[in-house]
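Q: Please take a close look at a single strand and describe what surrounds it.

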Amino acid sequence: MISLKGKIAIITGGSRGLGKAIATLLAQEGVNIGITGRNEANLRSAVEELKGLGVKAAYAAFDISSEAAVKSGIDALVAELGGVDILVNNAGIGKMGTLEAMSSEDWQEVIQTNLFGVYYAAMAVYPYLKEKGEGDIVNVSSTAGLKGGAHMSAYAASKAAVISLSQSMMAEWRKQNIRVITLTPSTIASDMSIQAGLTDGNPEKVLQPEDFAEWVRDILKMNRRALIANGSIFSTNP
Ligand SMILES: NC(=O)c1ccc[n+]([C@@H]2O[C@H](COP(=O)([O-])OP(=O)(O)OC[C@H]3O[C@@H](n4cnc5c(N)ncnc54)[C@H](OP(=O)(O)O)[C@@H]3O)[C@@H](O)[C@H]2O)c1
């Protein structure tokens with residue numbers, strides 16, 4: 001396994017949930033961290049915690065569904081941190097409801113955030129990785145993207161599209177030594193899954209954000225000749 005010490009990672013949605021757990025574990029490996037989200041108070045307190053782990057940490061507050069805001073926010077983070085090696089495309093929303101109950105505006109918001117957000121952030125980071133001649137992009141999809149289900153039409157469609165987009169990125173960008181990794185986690189205890197009523201988050205049984213973060217860290221630490229292209233993680237017996 002390789003050392004990640006001194007690398008620079010940008011984690012979208014890094015203020016809480018899965019993103020914050022990934023930011024924390026990567027910081028423990030000596031990775032300098034940039035996090036993004038909309039709620040500035042959450043971002044500020046997460047950055048203070050990360051700095052306490054002895055790494056450089058910074059945040060940019062923007063809505064991932066706005067192309068211009070993503071580009072300027074990512075550029076500002078790269079300038080502040082002195083580069084970027086890793087993007088974790090994690091920000092997302094889980095608006096659920098029956099097809100009948102969800103408005104087309106809800107649908108558009110989910111697609112714009114979960115699909116276009118991944119596209120905008122990847123396109124903002126790509127020029128830096130291309131120039132460097134290597135890098136890593138982790139795209140967080142979901143098992144919901146592998147198979148649709150009741151009450152999750154927009155979410156599942158957005159996550160299916162993320163899988164496809166991510167696989168296309170992988171096919172194009174591996175030639176520049178950029179590893180694009182498509183992950184499809186099942187339910188993990190977080191604000192999103194608990195508020196959606198998908199789990200009670202019981203730590204005795206249900207995946208916790210740190211389980212996912214350990215997996216992401218270990219994938220990134222694999223020798224650069226090795227690419228985990230796709231993977232799922234489930235609770236053993238929820
Ligand atoms: N938890 C699960 O069971 C599960 C399972 C499979 C996949 N996932 C995926 O994992 C990722 C993280 O989920 P989570 O459970 O950690 O969710 P979470 O606890 O709700 O956190 C979501 C994060 O994304 C940010 N975010 C949401 N909408 C945003 C927007 N429009 N612009 C910028 N930032 C935005 C949030 O920050 P602000 O609120 O400050 O904007 C927050 O940091 C998501 O892509 C989700 O779909 C989760």
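A: Two strands pair if DSSP finds at least two bridges between them, and helices (H or I, at least four residues) and strands (E, at least two) are DSSP runs, numbered from the N terminus. Residues are numbered from 1 along each chain as its sequence is written. The model is predicted, so local features need pLDDT of at least 70 and side-chain atom pairs count only at pLDDT 80 or more, while totals for chains, interfaces and linings use all residues.

The strand chosen here is β1, residues 8-12. Ile11 of β1 stands opposite Val88 in β4; β4 (residues 86-89) runs parallel to β1, and three bridges join them. β1 also pairs with β2 (residues 32-37), again in the parallel sense, over five bridges. In that pairing Ile10 faces Gly34 of β2.

Five of the five residues in β1 are buried, that is, 20 or more other C-beta atoms, placed from the backbone, lie within 10 Å of their own. In a regular strand the side chains alternate between the two faces of the sheet. Here Ile8, Ile10 and Thr12 point one way, whereas Ala9 and Ile11 point the other way.

Together, β1, α1 and β2 form a right-handed β-α-β unit: with the strands pointing away from the viewer, the path from the first strand over the helix to the second runs clockwise.

Ile11 is also one of the contacts of Ile22, along with Val88, Asn90, Ala213 and Val216, leaving aside neighbours of Ile22 within four places in sequence. Contact requires C-beta atoms, placed from the backbone, within 7 Å.

How values were computed. Two residues are in contact if their C-beta atoms, placed from the backbone, lie within 7 Å. A residue is buried if 20 or more other C-beta atoms lie within 10 Å of its own, exposed if 12 or fewer, and partly exposed in between; C-beta atoms are placed from the backbone.
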